[in-house]
Structure formats: C-alpha cells, structure tokens
Amino acid sequence: MTNKKITIKDGQTDNEIELPVLDSILGPNVVDIRALEKNLGYLSHDPGFIATSSCESKITYIDGNEGKLWYRGYPIEELAEKSNFTETAYLLLNDKLPNKSDLNDFFKSISSNYNVDEQIKDIINIFGKGSHPMAIMSACLSLLSAKYHNEIDIQNKDYRYRSTIKLIASVPVISAWILNSIMQRDFQNTSENLSIAENFINMAFPDLSDDQKELSSRAMDVIFLLHADHEQNASTSTVRLSGSSETSPYAAIAAGISTLWGPTHGGANEAVINMLEEIKNSDKDVEFYIEQAKDKNNPFRLMGFGHRIYKNYDPRAKIIQKIAHEYLAKLSKDNPNKPLFDIAMKLEKYALEDEYFVSRKLYPNVDFYSGIVLKAIGIPQSMYTVIFALARTVGWVAHWNEMIEDKNFRIGRPRQLYTGNKKTKYTDISER
Ligand code: ACO
C-alpha cells in the first residue's frame, strides 16, 4: 500500500489530502477515499459506478480491454472446455478446485436438496397465463424466504452453507417447474442421480430421446457455467446491497432476480431473439438495422452488443458462438434456428467493420448468441433470463458469503449529491 496526494480545488481553497492506494492483484489499484469525508467533508460522486470499487473480492476478474474472464484465477475458456457447472460452482464458492471426494460430497449435498417445497407449485399456478417467468421466479424465492424466515442466522457459517446449497439446488428445480407450467405440462419429478443441467433438461423435456437429452444437457451445462459469475454487475451488486441489511439470503436473491430481468442486463438475450426475428421477417437487410442502431434519433440499439466493462469481444460470446455452431450442426442440416444464427453472424461481421461500433469498442456480449442456443434447445423465449438467473444464483451466493465473511462488512449505504429545494417553510394549503 502506498499513499497518493490528491488536491481538491473548490474554487476558493486548494485542499490537499493523502489517501491510501490499495494494491490489486490484477487490474487498476484503488484509491481508498474514506478519509475524504472524515477529514475534508467531501463526498465522491460517481453515478453509474463508472470508477467506484464497492468491495474487495477474490471471486472473479474481468480484463475488459483484453476480453478475458477468470473465475478464481482460472480462465473461462479452460473451465468451459474441461470443467462443468457443478465443479465450477464448487470453485466459485470454495476458492479451489475440488478433488474427487470433495466434488462427490458437494454434488450429493446439492442433489439431496432437489426436493423443493411442493407449495412452490401452488405459487406458480396462481400466476395467470402470459405472466413473465421472472416475476414468478421472484415470487417463488419470496415463498422460500417466508418458509425459512425463522432460521435466519447469517453470522453462522453452517446456516450460510445450508442456505447456499438449498439455493443452488432449488432455483434450477423451480425454473424447470416454471417451464413446465409455461409449456402446459404436468410438473415433472427430479432425479437425484442427475447433474443440475441433466436434471433441468430431463424435467423440461421428458419426451426427448436419451441422445438428445445428453446433447442438450451438455450445451446447457456450458451455458450455466458461462453465466455463473461476472463480478460486481448490477444484479450481483443488488444481492450484496440487499444482503448487507442482513436480510434473508432468499430475499436477497429475489432482489437480484428483479435487477437481472431488465433488458440492459439479463433480459438482453430475449431482446436479441426479438431483434433477429424482426430482421428475418422484414424485407430490409442487415445493413438497414446497423444504420438504425447508429442513428442517435432512433432508440433502436443492436441488442447483445456493447458492455460496460468489455471493450473487446466478450470471451463468453466467443464460446457460445462455437456452441451454437456445433449444436445447430448436430441437430439437423435444415434446423429452423439456422437462419437466425446466420443473421447474427452477418450483423456481427458488419458491426465489427463499422467505424461507429469500432470507435466505441462495441462487441458482441454473452447475450448475442446465448438466445440462439436456448431457442434451439427448445426453451421458450420468456424463460431465457430465468436460465441466466438460475446459473447466476451460484455467483450471487458466492458474493453474499464473501461479503458477510469480510472483516469490513457493514450495511451498504450510498450517499448523494443533493440538488433539490433549499430548506423551505411549510405553507398551509389555504395559502398556496
Ligand atoms: N447499439 C448501438 N449503440 C450502442 C450500443 C448498442 N448496443 N451500446 C452502446 N452504444 C453506444 C451508445 O449510444 C454510446 O454512444 P455515444 O458515445 O455516441 O453516446 C456509446 O456506445 C456508449 O454506450 P453507453 O450506453 O454509454 O454504455 P454503457 O456502458 O452505459 O452501457 C450497455 C452498456 C447497457 C450494455 C449498452 O451497450 C447496451 O444497451 N447494449 C445493448 C443491451 C445489451 O446487450 N445488454 C446486455 C449487457 S451484458 C449482460 O448484462 C449480460
């Protein structure tokens, strides 16, 4: 740790303060500004958290300029090729890869919790046809927070471990039941001998052949793994902020689900398919849509393009693009999803050669190709963000645990730059 002298000029006086610079293992070092308020009475201002580190974390690191992502130091490409979702979940939670017996015990603890409360089915049934599955999912998590409310003991490691495992096991089962309901199918049973992805595919598509189930489970497993964590994004920061009030972890995850739902975060994969379908069904070519995306008077944006941190190709998009290629090829030559994939590839090609996208460093993000694979698997479009939430639950609980174990843990409470009325006297309604 070093110190950095900073001069704050407020037009009248120059205030000098020495602030500690905290060393990061990777990425920019961080100026600890906490003394700013205490010593000088200033706050820092950073809407959208462009340059603000909100916590110390050891879980995930993104190099946005290089387009690289590591979970606990392991490159995402290597994990996608050699690991699986269950092992990666263990890694994210425990900061190390498991040996065979660790992995076995971890998997058993998860699969023995597949038996989710049957009342969840009543909650799903309450929602009318056409209800968005993310709203249903959030309600299901609220039911779990009600059910386990009396157990809350967040400083207790055993409680945290039990809730962590329950969440990782329950959310995929809840997601499969929501899918059953949307596809107007009976609620399917779970199978304790199947991995999270296999169990999900088996519950979602019980009529598929064993070969098809295996193919879809493998694609789904990689999609889960790629979405498992992404450091301090909007939904993870929400889970941290919500959890910092010492609320139930189920309630904090419900808050994360609500944040992930938005079209500029997890909801983008749904928006990408809408956009590709629109292009497919229109008589306009891809260049027309590229031009629309560049037009500042037009609200249209190229969905699945751009990212706050990646100023290069999102490494997850590269992996999913490859999966989309392989998966569509294995399904059949005239797969109905092939035209969407072709349009996506064409959009990408044009955008990557266009000065507007190049100068703003706008590249495909994880959502650009994930919807195509999910569509080919047979997942209804409104469920895409649920799949994302299912996978991200692992990251959310890893961050929740890390936050509570942090020696500096305290409730999150941002400040503000007040620009409202000056102190004003109340006038009676008769005098207004
Ligand atoms: N299409 C066209 N132009 C874009 C796009 C896009 N997809 N994304 C950004 N731009 C332009 C902006 O208009 C802006 O241009 P300007 O400098 O001329 O004003 C510039 O690029 C910077 O964009 P910002 O909106 O300031 O970038 P920010 O970091 O705030 O937003 C975001 C990032 C929300 C992801 C944005 O790129 C976007 O809306 N993309 C489409 C939605 C999407 O794919 N979201 C998924 C994100 S990944 C995830 O959550 C899993």
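So, T7 first: setting aside neighbours within four places in sequence, T7 is in contact with D14, N15 and E16. This is a predicted model, by the way, so please hear everything I say with that in mind. T7 sits in strand β1, which covers residues 2-9. Is T7 buried or exposed, or somewhere in between? Its relative accessible area is 39%, so T7 comes out as partly exposed. And if you look for E18, which is eleven residues from T7 in sequence, the two C-alpha atoms are 8.8 Å apart in space.

Okay, let me zoom out. How many helices and strands are there in the protein? The count is 18 helices and six strands. As for overall compactness, the radius of gyration is 24 Å, close to the 22 Å that the globule rule gives for 432 residues, so the protein is as compact as a globular protein of that length. If you want a box to picture, the C-alpha atoms fill roughly 75 × 60 × 55 Å along the principal axes.

Now contacts and surface. Take the contacts with a separation of 6 or more: 70% of them are between residues 24 or more positions apart. Of the 432 residues, 47% count as buried. The accessible surface is about 22600 Å², and carbon and sulfur atoms account for 49% of that. On charges, we have 50 positive and 57 negative, and the mean positions of the two sets are 3 Å apart.

Let's go inside. In soluble globular proteins, nonpolar side chains tend to be buried together. Here, the largest nonpolar core has 120 residues. Which residues have the most contacts inside that core? They are F200, M220, F224, L276, L347 and I379. The helix that gives the most to this core is α18, residues 384-405, with 14 residues. Click on L276 if you want a way in: leaving out neighbours within four places in sequence, L276 is in contact with L340, I343, A344, L347 and I372. L347 is another name from that list of residues with the most contacts in the core.

Next, a few buried residues one by one. Start with S170, in helix α7, which spans residues 157-182. S170 has a relative accessible area of 6%, so it is buried. Not counting residues up to four places away in sequence, S170 touches V116 and L144.

Then P249, over in helix α11. At a relative accessible area of 2%, P249 is buried too. Its contacts, again leaving aside neighbours within four places, are Y159, S163, L167 and W400. For a sense of distance, the C-alpha of P249 is 30 Å from that of G27, and those two are 222 residues apart along the chain.

What about acidic residues? E87 is in helix α3, residues 85-94. Is E87 buried or exposed? Buried, because its relative accessible area is 17% and the cut-off for buried is under 20%. Beyond the residues up to four places away, E87 touches L97, P98 and L103. Right after L103 in the numbering you get to N104, whose C-alpha is 9.7 Å from that of E87, with the two positions 17 residues apart along the chain.

D314 is the other one to look at, in the loop between α13 (286-294) and α14 (315-331). D314 has 0% relative accessibility, so it counts as buried. Residues up to four places away aside, D314 touches P364, N365 and V366.

Last bit: backbone angles. Most residues other than glycine have a negative phi, and most peptide bonds are trans. Two glutamates are worth a look on that score. E231 has a positive phi, near 40°, and is not a glycine. You'll find E231 in the loop between α9 (210-227) and α10 (234-243). E246 also has a positive phi, about 70°. The loop holding E246 runs between α10 and α11 (249-260). Where does E246 fall on accessibility? It is at 42% relative accessibility, so E246 counts as partly exposed.

That's my tour. If you open the model yourselves, I'd go to D314 with its contacts P364, N365 and V366, and then to the positive phi at E246.

Conventions:
Residues are numbered from 1 along each chain as its sequence is written. This is a predicted model: local features need pLDDT of at least 70, side-chain atom pairs count only at pLDDT 80 or more; totals for chains, interfaces and linings use all residues. Side-chain values use heavy atoms; hydrogens and water are left out. Helices (H or I, at least four residues) and strands (E, at least two) are DSSP runs, numbered from the N terminus. Buried means under 20% relative accessible area, exposed over 50%, partly exposed in between (1.4 Å probe, protein chains only). Contact means heavy atoms within 4.5 Å. The radius of gyration is taken over C-alpha atoms; the globule rule is 2.2 Å times the number of residues to the power 0.38. Accessible areas come from the Shrake-Rupley method with a 1.4 Å probe; for residues, only the protein chains shown count as cover. Lys and Arg count as positive and Asp and Glu as negative; His and the chain ends are not counted. The place of a charge is taken as NZ of Lys, CZ of Arg, CG of Asp or CD of Glu. A nonpolar core is a set of buried Ala, Val, Leu, Ile, Met, Phe, Trp, Tyr and Cys residues joined through side-chain atoms within 4.5 Å.
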